[in-house]
Amino acid sequence: MSKIAVFLLLTFLFTDQLMAAFAIVEEDSEPEKVRVLAIDGGGIKGIVPGVILKQLEIALQIRDPSARIAEYFDVVAGTSTGGIITAILTAPDPQNKDRPLYPADEILKFYRQHGPFIFQEDSGCRWPGVLCPKFNGTYLRRIAAEKLDETLLNQTTTNVVISSFDIKLLQPTIFSSFKIKDVPHLNVKLSDACIGTSAAPNEFPPYYFEYNNTEFNLVDGLFIASMPARLGISEVSRQEEYKNKEIILLSIGTGVGNTTVSYDANRIWTAGDWKEAILPMFIAASSTMNEYYINSTFKLQPQENYLRIQEYNLDPSIESDDASEANMDKLEDVGNKLLDQPVKRMNVDTFVPEEIGEGTNAEALDRLAQILYEEKIRRHGKSAKKVKKGFFTRSATYWI
């Protein structure tokens, strides 16, 4: 072989290796994405996100057999029953503090096993819901302490954001992993944060406790964050380490009914009319506007970075405080059917949820699982294995 041929061959090989090296550098230099999971409130309706999260964990385990949800998110945010789910997902294993204690299917087990006792009317009160809260909260407090033990907020396996409202200070109390460095008295027991966020007025008594010489007088986080996705994003945006980074958001609702309640402005309104109407108006407006803000924000990011799974036409007979077998069966059925529904997103101009042509929610969860998996592997400096393109069902993935 001539010297020129050898030179050309070496040049080709060197150039090929050099290009490969640059490709690796370019791939590794891709900025990290911030992964946020948010779970709405809704009492026993927490069964619905329980079904969705179980399916997501199945999708992750196709790629990583030992996967747990909390290992794939930088932040988990929850309000009310969503706060309880947040705690279940992020509580550490006593034998391995970096590993979540509970798999996602523990959520359904929790509501099925403990729901009937949590939502059991107070037999010690003559008129529950009138002269006293409908439920005394004793069982919830006991089971929260039992499941979560002495775990503090700073011991969760990933960052958490759990909302509540202090009725004595008349201000929000946000139990956030990001805040405890500067506000150490917020580093409360995870069980206390759960009980505080779920103390729904007239359903459960307000929750009083003390920690680090600070008093807390808490009620349901619904007052400040009916859709905790916005709160989670706000906490992320305040952190220097996450500034200007792409956000991946999974937001899961517990279902909203297509209510027949409406009001007519073409009449004289009395103080009694306003007393009756103000709460449902407030809840409807708060929920819709939170979706408006989130959708407006994510119009600036790739569409696949945001997935909202919500049942917008929930059977009005389904109650958030009815833990009967029949009602829980209905809720589990809602979750399973929701997986087969097309992905929807709120139209920020009409306030109507619309199909966006992204397949079913189950398929979207599978795509999200691949994104989360690749992000986790990339952070560990390994090559992510692409799962072959196929169609995804609620039990398996089939390759085509």
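Visitor: What makes both faces of β9 count as covered?

Guide: On one side Ile 247, Leu 249 and Ser 251 are buried, and on the other side Ile 248, Leu 250 and Ile 252 are buried too. In a regular strand the side chains alternate between the two faces of the sheet. "Buried" means under 20% relative accessible area, "exposed" over 50%, and "partly exposed" in between (1.4 Å probe, protein chains only). Strands such as β9 (247-252) are DSSP runs of E with at least two residues, while helices are runs of H or I with at least four, all numbered from the N terminus.

Visitor: What kind of model is this, and how are its residues numbered?

Guide: This is a predicted model, in which local features need pLDDT of at least 70 and side-chain atom pairs count only at pLDDT 80 or more, while totals for chains, interfaces and linings use all residues. Residues are numbered from 1 along each chain as its sequence is written, and side-chain values use heavy atoms, leaving out hydrogens and water.

Visitor: How do you know that β9 pairs with β1?

Guide: Two strands pair if DSSP finds at least two bridges between them. β1 and β9 are joined by six bridges and run parallel, so they meet that definition. One example is Ala 38, whose bridge partner in β9 is Ser 251. β9 also runs parallel to β10 (residues 306-309), with four bridges between them, and there Leu 250 has Leu 307 as its partner in β10.

Visitor: Leu 307 sounds worth following. Which residues does Ala 364 touch?

Guide: Leaving aside residues up to four places away in sequence, Ala 364 touches Leu 307 and Val 343, where contact means heavy atoms within 4.5 Å. Ala 364 lies in helix α10 (residues 361-379). The C-alpha atoms of Ala 364 and Leu 307 are separated by 7.6 Å, although the two are 57 residues apart along the chain.

Visitor: Why is Ala 364 called buried?

Guide: Its relative accessible area is 9%, and the limit is under 20%, so Ala 364 is buried. Cys 194, at 4%, counts as buried as well.

Visitor: Why is α7 described as largely enclosed?

Guide: Seven of its ten residues are buried, so the rest of the structure largely encloses α7. Among them are Pro 228, Leu 231 and Val 236. The elements covering these buried residues include β1, β9 and α8 (271-298).

Visitor: How do you know that Cys 125 and Cys 132 form a disulfide?

Guide: Their sulfur atoms are 1.8 Å apart, and a disulfide is a pair of cysteine sulfur atoms within 2.5 Å, so the pair qualifies. A search of the whole structure finds one disulfide. Both Cys 125 and Cys 132 are buried.

Visitor: Why is their link called left-handed?

Guide: The angle about the S-S bond is -120°, and with that value the link of Cys 125 and Cys 132 is left-handed.

Visitor: Is Leu 222 buried, partly exposed or exposed?

Guide: Leu 222, in the loop between β8 (214-219) and α7, has a relative accessible area of 38% and is therefore partly exposed. Leu 222 belongs to a nonpolar surface patch that includes Trp 274 and Phe 282, with about 640 Å² of accessible area together.

Notes:
Patch = residues over 30% accessible without salt bridge, like charges linked within 9 Å, V, L, I, M, F, W, Y side chains within 5 Å. Areas by Shrake-Rupley, 256 points an atom, 1.4 Å probe, with all protein chains shown as cover. Salt bridge = Lys/Arg side-chain N within 4 Å of Asp/Glu carboxyl O.
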